[in-house]
Amino acid sequence: MVISSVAGERGRGSNYFYGAAKAAMTAYLSGLRIRLTKSTQGRVQVLSVLPGYVRTKMVAGRQLPALLTPTPERVAADIVRACEHRRNVLYTIWPWYVIMAVTRHIPECIFKHLHRF
């Protein structure tokens, strides 16, 4: 289980080095998952955790929607559940799955003008 980030799903001007590092981590985990699934007949699990903002000291004082900022305890519980169900990828919490699915499909010519991301 490795914690990556939704920031690796789409490049952003505000933190492209961070996003690039997380994108590389997520791609590495995907390849590792495929390799280990073949070589261990599925006995080894590789879980990529892609949390959004988590209510920690790092985001303290920022105006973030409560629906999109789970507690570390909630994230931990989601990770345990994902491991038990042998999931490959976990967006904790579920709205990030929807947000990132939409974000990935916005054409770059439009996305680069959206300053919110």
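User: What share of the contacts in the protein with a separation of 6 or more comes from residues 24 or more positions apart?

Analyst: Keep in mind that we're looking at a predicted model. The protein has 117 residues, and here we take its contacts with a separation of 6 or more. Residues 24 or more positions apart account for this share of them: 59%.

User: In what order do the elements of the protein run from the N terminus on?

Analyst: There are four helices and three strands to place. Strand E2 covers residues 48-49, while strand E3 covers 89-90. Going from the N terminus on, the order is β-α-β-α-β-α-α.

User: Is Val49 buried or exposed?

Analyst: Val49 has its place in strand E2. Leaving out residues up to four places away in sequence, Val49 touches Met1, Val2, Ile3, Ser4, Ser5, Ile79, Leu90 and Thr92. Its relative accessibility is 0%, and the cut-off for buried is under 20%, so Val49 counts as buried.

User: How far apart are the C-alpha atoms of Val49 and Ser5?

Analyst: Ser5 is among the residues that Val49 touches. Along the chain, the two are 44 residues apart. In space, their C-alpha atoms are separated by 7.1 Å.

User: About how much space lies in the largest pocket, and which helix supplies the largest share of its lining?

Analyst: The space in the largest pocket is about 860 Å³. Its lining has 31 residues, and the closest to the centre are Val6, Arg12, Gly52, Tyr53 and Trp96. Helix H1 (16-39) and helix H3 (95-104) each supply at least two residues of that lining. The largest share, four residues, comes from H3.

User: How many residues of that pocket lining are nonpolar?

Analyst: Let's split the lining of the largest pocket by type. Five of its residues are charged and nine are polar. The nonpolar ones number 17.

User: Why is the pair of Tyr91 and Tyr97 edge-to-face?

Analyst: The count of aromatic pairs comes to three. One of them, Tyr16 with Phe17, is tilted, at 4.9 Å centre to centre and 35° between the planes. For Tyr91 and Tyr97, the ring centres are 5.5 Å apart and the planes are at 75°. Planes over 60 degrees apart take the name edge-to-face, so 75° puts this pair there: edge-to-face.

User: Which is buried and which is exposed, Phe17 or Tyr91?

Analyst: Buried needs under 20% relative accessible area, and exposed needs over 50%. Tyr91 has 13%, so Tyr91 is buried. Phe17 is at 67%, so the exposed one is Phe17.

User: Which ring does the charged end of Arg10 sit over?

Analyst: Here we look for a ring under a charge. The charged end of Arg10 is 4.1 Å from the ring centre. That ring belongs to Phe111.

User: Where is the cis peptide bond that leads to Ile93?

Analyst: Ile93 is found in the loop between strand E3 and H3. The peptide bond in question has omega near 15°. This cis bond runs from Thr92 to Ile93.

User: Is Gln41 buried or exposed, and what about Arg86?

Analyst: Neither is a glycine, yet Gln41 has a positive phi of about 55° and Arg86 has a positive phi near 55°. Gln41 lies in the loop between H1 and E2, and Arg86 in the loop between helix H2 (72-84) and E3. With a relative accessible area of 59%, Gln41 is exposed. Arg86 has 44%, so Arg86 is partly exposed.

Technical notes:
Residues numbered from 1 in each chain as written. Predicted model: local features only at pLDDT ≥ 70, side-chain atom pairs only at ≥ 80, totals over all residues. Heavy atoms only, no water. 1 Å grid on protein atoms, 1.4 Å probe; cavity = no way out; pocket = protein on both sides within 12 Å on 5 of 7 lines; lining within 4 Å. Points joined across faces, edges and corners; volume = space filled by probe spheres on them. Nonpolar A, V, L, I, M, F, W, Y, C, P; charged D, E, K, R; others polar. Phe/Tyr/Trp six-rings, centres within 6.5 Å; stacked < 30°, edge-to-face > 60°. Buried < 20%, exposed > 50% of the residue type's maximum accessible area, 1.4 Å probe, protein only. Lys NZ or Arg CZ within 6 Å of the ring centre and 35° of its normal. Contact = heavy atoms within 4.5 Å.
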